[in-house]
Amino acid sequence: MKEQSSEYRDNQQPYDDKHLSVMKEEFLEYFEEKEIKVFFDGTLGAGGHAEALLQAHPEIEMYIGCDQDPQAIELASKRLAPFKEKLKIVRGNFENLDQFLNDLGVEEVDGFFLT
Ligand SMILES: C[S@@+](CC[C@H](N)C(=O)[O-])C[C@H]1O[C@@H](n2cnc3c(N)ncnc32)[C@H](O)[C@@H]1O
């Protein structure tokens with residue numbers, strides 16, 4: 001599994017607590033009427049989308065947050081601490097989705113997100 005450090009991120013900027021999640025309202029709207037038990041977020045970042053979805057969907061049982069950047073994972077882990085019982089963080093490339101789900105014993109997800 002090839003890992004990339006923060007220097008390879010698209011915007012070349014380090015994460016901070018002010019990192020904004022793009023199109024958060026549209027993201028929430030898309031999943032508004034859906035019941036979600038298991039969700040895969042392939043670009044967890046600082047966890048802004050994850051936090052919003054977990055707050056809007058208390059029925060979520062497992063939120064799998066994947067990112068290849070350890071700095072992003074550190075920030076997301078802090079931000080999502082209130083949801084830690086539901087959160088499964090995996091570090092790596094989302095192209096290894098099958099392997100991650102297999103390791104977690106998950107056969108299918110109700111939604112996924114990559115941005
Ligand atoms: C724009 S940020 C994500 C923002 C995040 N959804 C939020 O709410 O703040 C993009 C993230 O995707 C991660 N990323 C990009 N390509 C990836 C890949 N192939 N596999 C895993 N993570 C990836 C980057 O490390 C970065 O943390």
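**The ligand shell and the strands beside it**

In this predicted model, the shell around the ligand holds 4 nonpolar, 11 polar and 3 charged residues. The shell counts 18 residues, and those that come nearest to the ligand are Ser 21, Thr 43, Gly 45, Gly 48 and Asp 69. Two elements each give two or more residues to this shell: helix α2, residues 48–56, and strand β2, residues 62–67.

Start with β2. This strand is mostly covered, with 5 of its 6 residues buried. It pairs with two strands, β1 and β3.

Take β1 first. This strand spans residues 38–41 and runs parallel to β2, with 4 bridges joining the two. Look for Phe 39: across from it in β2 stands Tyr 63. The connection between these strands brings back a shell element. Together, β1, α2 and β2 form a β-α-β unit, and the unit is right-handed. Of its parts, α2 and β2 are the elements named above for the shell around the ligand.

Now turn to β3, residues 87–91. Here 5 bridges make the link to β2, and again the strands run parallel. One pair to find is Cys 66 with its bridge partner in β3, Val 90. To get from β2 to β3, the chain passes through helix α3, residues 70–79, in a right-handed β-α-β crossover.

Put the pieces together around β2. The strand is joined to β1 by 4 bridges and to β3 by 5 bridges. It is mostly buried, and it also gives residues to the shell around the ligand. When tracing side chains along a strand, keep one general rule in mind: in a regular strand they alternate between the two faces of the sheet.

Notes:
Residues are numbered from 1 along each chain as its sequence is written. This is a predicted model: local features need pLDDT of at least 70, side-chain atom pairs count only at pLDDT 80 or more; totals for chains, interfaces and linings use all residues. A residue is near a molecule or strand if its C-beta atom, placed from the backbone, lies within 6 Å of it. Ala, Val, Leu, Ile, Met, Phe, Trp, Tyr, Cys and Pro count as nonpolar, Asp, Glu, Lys and Arg as charged, and the others, Gly among them, as polar. A residue is buried if 20 or more other C-beta atoms lie within 10 Å of its own, exposed if 12 or fewer, and partly exposed in between; C-beta atoms are placed from the backbone. Two strands pair if DSSP finds at least two bridges between them. A crossover is right-handed if, with the strands pointing away from the viewer, the path from the first strand over the helix to the second runs clockwise.
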